[in-house]
Amino acid sequence: MSQCVTEAPETTSYSPYGLSFSPEELIDKIHFLQTEKKAVILAHNYQVPEVQDIADFTGDSLGLSMEATKTDAKIIVFCGVHFMAESAKILNPDKKVLLPHLGAGCSLADSITPESLDDWKRRYPGYTVVTYINSSAEVKAESDICCTSANAVAVVRSLKTDKVLFTPDRNLGRWVQAQVPDKDIAIYDGACPTHDVLRGANLLKTKQVFPDAVVIAHPECREDIVDIADEVCSTTGMMAAVARHPEARTFIVATENGIIHQLKKRFPDKEFVMADGCIGCRLHCPYMKVTGLEDVYLSLKEERYEIRVDAEVIQGARRALDRMMAVPRDN
Ligand code: CIZ
């Protein structure tokens, strides 16, 4: 098989805005504006390395939004995708939340709308709706409770009811069903194309090259991947999972390739290999990678693109998020 490259992919210096600042100049300008405007910069674990490196906090979407609630920042620059910035707005309604690039969407979040959710609710009357955080504010507002990949099992277990409608990720839903077999879980038919593309055969080939490696997989991966994995967890859970294996030198990682940067920073003496056996060319989310340093700079400078969520929607979505936050996380 083709040999693996374990480094996170390098990014280019191409400027879509015709700016001619060096990366160092951009970083200085970002820090200057950040201080001047009392802004906090949040970056998801899947962002490009240079954006992760200028952030005040890196992590998963919920962890980041919670961090923002603890700061006195007036502006939140959310380097992630749209639904994440919306969650930050829902949890921080009095702060200005900026998404640096409008192209930062999410196919999984787009796979469910309030109308399609209504249709599923009609098909499963009386079922409690558990909605993954990868969803729009409107869909959250129509749900009973939210979950993340770090607490999905705990959220479903915490429910008094045995009948659950899990949306929108079918792989995460199937993983939850396997952990909570006593509940009847109807599962919506959405998936993250970045995770769903990986197959067990591909992972097994990578394992042949690194037979002693510990396999860590995100629960958005398909069943044949999580069945092979030694650890199944959220991106934040992956940091703890590596720490749980001090004897291991190499880890095979089945999630979006941006995580490698954070893992290598925290565990510089370990080796991280993408599960697809290359630099993660398949495990690469195009939406997570649209945001560069120039977008962060322009976002701060021009206070663009502001995320606005209707007050009634905020109220409904907040209720679903608050119910979730009362449940302790799995990993
Ligand atoms: O909620 C998040 O941040 C997502 C989508 C994944 C993760 O595990 O960090």
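**Notebook: the ligand, its pocket and three backbone spots**

I sorted the shell around the ligand first: three residues are nonpolar, seven polar and two charged. I counted Ala, Val, Leu, Ile, Met, Phe, Trp, Tyr, Cys and Pro as nonpolar, Asp, Glu, Lys and Arg as charged, and the others, Gly among them, as polar.

This is a predicted model, where local features need pLDDT of at least 70, side-chain atom pairs count only at pLDDT 80 or more, and totals for chains, interfaces and linings use all residues. Residues are numbered from 1 along each chain as its sequence is written, and side-chain values use heavy atoms, with hydrogens and water left out.

**Entry: the shell.** I listed the residues around the ligand (a heavy atom within 4 Å). Among them are His 44, Asp 60, Met 84, Tyr 132, Asn 134 and Glu 220.

**Entry: polar contacts.** I looked for pairs of N or O atoms within 3.5 Å. A polar side-chain atom of Thr 235 is 2.5 Å from a ligand oxygen. The side chain of His 218 places an N or O atom 2.7 Å from an oxygen of the ligand. Ser 61 uses a backbone N or O atom, 2.8 Å from a ligand oxygen. I then checked cover: the protein hides 98% of the 270 Å² of accessible area that the ligand has on its own. That area comes from the Shrake-Rupley method with a 1.4 Å probe.

**Entry: the pocket.** Which pocket does the ligand take up? The ligand fills space in the second largest pocket. To sit there, more than half of its atoms must lie within 2 Å of the grid points. A pocket is an open set of points on a 1 Å grid over the protein atoms alone, with protein on both sides within 12 Å along at least five of seven lines; lining residues have an atom within 4 Å of a point. I noted a volume of about 360 Å³, the space filled by probe spheres set on the points.

The lining has 29 residues, with Tyr 46, Met 84, Asn 134, Glu 220 and Met 288 nearest the centre. I split the lining into 15 nonpolar, eleven polar and three charged residues. Helix α10 gives the largest share, three residues.

**Entry: backbone.** Most residues other than glycine have a negative phi, and most peptide bonds are trans. I found a cis bond between Thr 167 and Pro 168, with omega about -20 degrees. Pro 168 is in the loop between β7 and α9. Another cis bond joins Arg 304 and Tyr 305, with omega about -10 degrees. Lys 38 has a positive phi, near 55 degrees.

Technical notes. A polar contact is a pair of N or O atoms within 3.5 Å; within protein, one must be able to donate a hydrogen and the other to accept it, and residues adjacent in sequence count only if both atoms are side-chain atoms. On a 1 Å grid over the protein atoms alone, a cavity is a set of points where a 1.4 Å probe fits but cannot get out, and a pocket is an open set with protein on both sides within 12 Å along at least five of seven lines; lining residues have an atom within 4 Å of a point. Helices (H or I, at least four residues) and strands (E, at least two) are DSSP runs, numbered from the N terminus.
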